[in-house]
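Me: I am new to this structure and should be grateful for a close look at a single part of it. Please take the meeting of two domains as the subject, and then place it in its surroundings.

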Amino acid sequence: MSATAATTGTVEVRGACPHDCPDTCAMRITVTDGKAVSVTGDREHPYTRGGLCVKVDNYLDRVYSPDRVLYPMRRTGPKGSGQFERITWDQALDEIADRFRAISAEFGPEAVMPCSYLGTQGILNGLNVGDPFFAKLGATIAERTYCDSGSCTAYTMTIGDCAGVDPESLVHSKFILIWACNVMSTNLHLWPFIAEARKRGATVVVVDPVKTRTAKAADWHIPIRPGTDGALALAMMNVIIEEGLTDDDYIADYTVGYEELAERVRKYSPEWAAEETGVPAEDIRKLARAYATTQPSVIRIGVAVERHAGGGQTVRALACLPGLVGAWRKPGGGILQLPLWAFPVNWGAMMHPEMLEPGKRVVNQYLLGQALTGGLDLDPPIKALVVYNSNPVVVCPDQERLIEGLQRDDLFTVVSEQFMTDTAQFADIVLPATTQLEQDDIMFSWGHLYVTYNHRSIEPLGEAVPNTELFRRLAARMGFTEPVFRRTDEEMIAEAFDWSAPAMQGITLESLREKGWQRLTVPPPDQYAPYAEGNFPTPSGKVELKSSIAEAVGNFVVPLFRQGSNDHQPGTPVDPLPHYIPPRESARANPELAARHPLNLVTPKPHAYLNSSSANLPLHRRVQGEPTVLIHPDDAAERGIATGDDVRVFNDRGSFVVKAKADKSVLAGVAVSAYGGWRMHTKSLSTMASLNPTAFADLGNAPTFSDTLVQIEKA
Ligand SMILES: Nc1nc2c(c(=O)[nH]1)N[C@H]1C(S)=C(S)[C@@H](COP(=O)(O)OP(=O)(O)OC[C@H]3O[C@@H](n4cnc5c(=O)[nH]c(N)nc54)[C@H](O)[C@@H]3O)O[C@H]1N2
Ligand SMILES: Nc1nc2c(c(=O)[nH]1)N[C@H]1C(S)=C(S)[C@@H](COP(=O)(O)OP(=O)(O)OC[C@H]3O[C@@H](n4cnc5c(=O)[nH]c(N)nc54)[C@H](O)[C@@H]3O)O[C@H]1N2
Ligand code: SF4
Ligand SMILES: [Mo]
């Protein structure tokens, strides 16, 4: 097995799926005469076991797509027209550097704003790749909280870490509570472990407003009104405490704040929660009893839990539950969302927070539409936008304003992309980016405990460059001379981990290169119970039912999701005990709004796309099928809508047109439309991103995608 591709003959190269997906599959790429001819999963990998998903097992379609952006391009037509001409890298870099200098001179460097997310998850080319460059430039800091920042803040406050349970130890669980997660689409490789647990007698329960593929496969599906999960979690605590189902020794030894919590949840009765959630009180009791008494029990939380006004407190409540019932005592017990912090990634070496000027302006990317259209009263205004690893037109809310902003003639937009996306269409300069086969990288995972190495298997196509090289080139052209801008990929990989950390014992760069992947040096799945005797990385070392961090710091954004330093920036005060915050857009909270827009829109992940990635490729589009909005047959009948009708989904913020599908798999009052499809492929030239609100959830500046009321009518 060779490290990098040979130019003649056939070699097999070890790689890693780059996608923002918990599974981080180990891949094997066969290369013949310099061309990749097959990409498969690595059968030997204990977690991903050889199968890639529908999004990636045709990865060569992506790499060799005729639609790849392969050369730098300059806009020739009006913004958004998609008319570009090929230019050289030198021309592109000169134009960008000239514009940055002119904009900085006239408005100050904060008039430049980066916008990025997780197009690739590689430690080199992913979230932080541009941070040192923009810090040196003095640009506006882009806060990136699309995903899991609310939960990470909640975990930090409660159990100190989002690491939780080893996914492989789920085979030892006896009660698996999947909460707002469509495992079969979004975390496919976890399912065999759940299936194995079930074979060994475990019960699987799914809490979701929709009977998803995952809910269909479970023993019990509990449909719930979107955004009301906190009420269910608090009522479960109420039952567990009232009925004496607690693990009193675990509570006494390894939690703080129990008495106050018990007092707090007394008001959250199952009857009260039934009104709020739509889940019958008897079912709430049954769930609480089974959860508490079937040990070890585990809760697998999905990202949708954090996506409403009270999402953070909902995750807090859920993170308290395992401590109350002593689930942490045994392997397979506790809570699992993203074991990301088990990896000793050297984020400091990637983002170089010391380069940030104190007091730099921070703008959350989620507010990009407002930021570009004067809505935030920014001084200086944003005059240049640099997008990489992201497709904000599809993934950001407030689409109409964002488009309006991107159309501004005085905005200079640079987009680094593999494809001419909805966002790239609006660029002044488009720069070609490599795919994972064309670059070296090293990967953590947020769904298992293996480090994976991605060897470059083919030469970059056209003039595409990895993001690392993009920022080396930009820095050189700007005259930035710090050594950080001259690091090679090789040098960056050597800095990517704290190799001396306990979890990296026995793992070296050499061994990783050779083997492709290695499990962190942590106990094996059948012994993985790091919190059996407390040892939570909270200030008290215990589960903080009453959170000292919430009390001392208030709300904050976990630094991984923000460009910059590792300090918790103090924010608005937060009640240190878990509590219920109802959704903002509901009949209870806003009857007037709900009278006009009575349906709650949820926008889960597409089965065949990874966010908006690959939503342009023919095979993926065929598998995904035509975009639809799923509603309950009663809601359809009330509106004279039949399956197959074109319908307009709208609220005061915007609208989009899709085909309706009436089906009992969705709760009455809920509308479901998978996101990810491109705006340019829609009839209405708009997607559900035009309907989602820009309001944040209570913790970590998380988005509130599930807190969206809409109305639907025949188009
Ligand atoms: N196929 C595929 N896989 C992916 C991705 C993809 O785009 N496509 N994206 C990756 C990324 S970035 C992420 S973050 C993960 C996310 O993966 P998941 O956590 O599974 O995220 P979602 O699909 O957004 O939502 C999961 C479920 O939550 C339900 N839901 C929505 N609102 C609520 C609510 O208020 N309460 C409850 N109880 N349920 C609710 C939805 O109906 C949906 O079935 O998936 C990753 N994997
Ligand atoms: N309505 C709604 N909106 C959502 C969500 C939702 O559930 N509902 N989910 C949210 C979540 S969880 C997430 S994580 C975000 C995802 O937001 P993004 O991370 O922006 O997701 P993608 O749509 O995959 O866009 C990534 C882009 O990066 C490009 N790319 C890939 N690799 C590279 C590379 O190496 N270099 C460069 N320069 N570009 C590359 C891809 O071609 C793609 O266009 O969306 C959020 N938005
Ligand atoms: S998207 Fe996820 S499941 Fe699919 S190949 Fe990549 S890591 Fe594996
Ligand atoms: Mo995400």
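How many residue pairs are in polar contact across the interface of domain 1 and domain 3?

Reply: The model is a predicted one. Across the interface of domain 1 and domain 3, 12 residue pairs are found in polar contact, both residues of each pair being at pLDDT 80 or more. Salt bridges are another matter, for zero are found across this interface.

To place the two partners, one may begin with the division of the chain. Domain 1 is made up of the segments 73-146, 344-439 and 468-487, domain 2 of 150-340 and 529-553, and domain 3 of 591-714. Between the C-alpha centres of domain 1 and domain 3 the distance is 29 Å. Domain 1 brings 23 residues to the contact, and domain 3 brings 27 residues.

The area buried between domain 1 and domain 3 comes to about 1900 Å², with carbon and sulfur atoms giving 58% of it. On the side of domain 1, the residues that lose the most area to domain 3 are Y366, V394 and Q399, which together account for 31% of what that side buries. Helix 16 (392-395) and helix 17 (399-406) are the elements that give two or more residues to this side. By character, the residues of domain 1 that touch domain 3 comprise 12 nonpolar, seven polar and four charged.

Although salt bridges are absent from this interface, a search of the whole structure finds 50 of them. Side chains of opposite charge can pair when their charged atoms come close. One such pair is E438 with R68, whose closest N and O atoms are 3.0 Å apart. The two residues are 370 residues apart and belong to distant parts of the chain: E438 sits in the loop between strand 17 (429-432) and strand 18 (441-443), and R68 in the loop between helix 1 (59-63) and strand 4 (73-75).

The ligands complete the surroundings. Ligand 1 is surrounded by 32 residues, and the closest are D208, G227, D229, Y609 and N611. A backbone N or O atom of N611 lies 2.6 Å from an oxygen atom of ligand 1. Nitrogen atoms of the ligand are also approached by backbone N or O atoms, that of S185 at 3.0 Å and that of H607 at 3.2 Å. Around ligand 3 the shell includes C17, H19, C21, C25, C53 and H189. That shell divides into six nonpolar, three polar and two charged residues.

Methods
Residues are numbered from 1 along each chain as its sequence is written. Chains are lettered from A and ligands numbered from 1 in the order in which they are written. This is a predicted model: local features need pLDDT of at least 70, side-chain atom pairs count only at pLDDT 80 or more; totals for chains, interfaces and linings use all residues. Side-chain values use heavy atoms; hydrogens and water are left out. Domain bounds come from an automatic or database domain assignment. Contact means heavy atoms within 4.5 Å. Buried area is the accessible area (1.4 Å probe) that two parts lose on being put together, summed over both. A salt bridge is a side-chain nitrogen of Lys or Arg within 4 Å of a carboxyl oxygen of Asp or Glu. A polar contact is a pair of N or O atoms within 3.5 Å; within protein, one must be able to donate a hydrogen and the other to accept it, and residues adjacent in sequence count only if both atoms are side-chain atoms. Helices (H or I, at least four residues) and strands (E, at least two) are DSSP runs, numbered from the N terminus. Ala, Val, Leu, Ile, Met, Phe, Trp, Tyr, Cys and Pro count as nonpolar, Asp, Glu, Lys and Arg as charged, and the others, Gly among them, as polar. A residue is near a molecule or strand if one of its heavy atoms lies within 4 Å of it.
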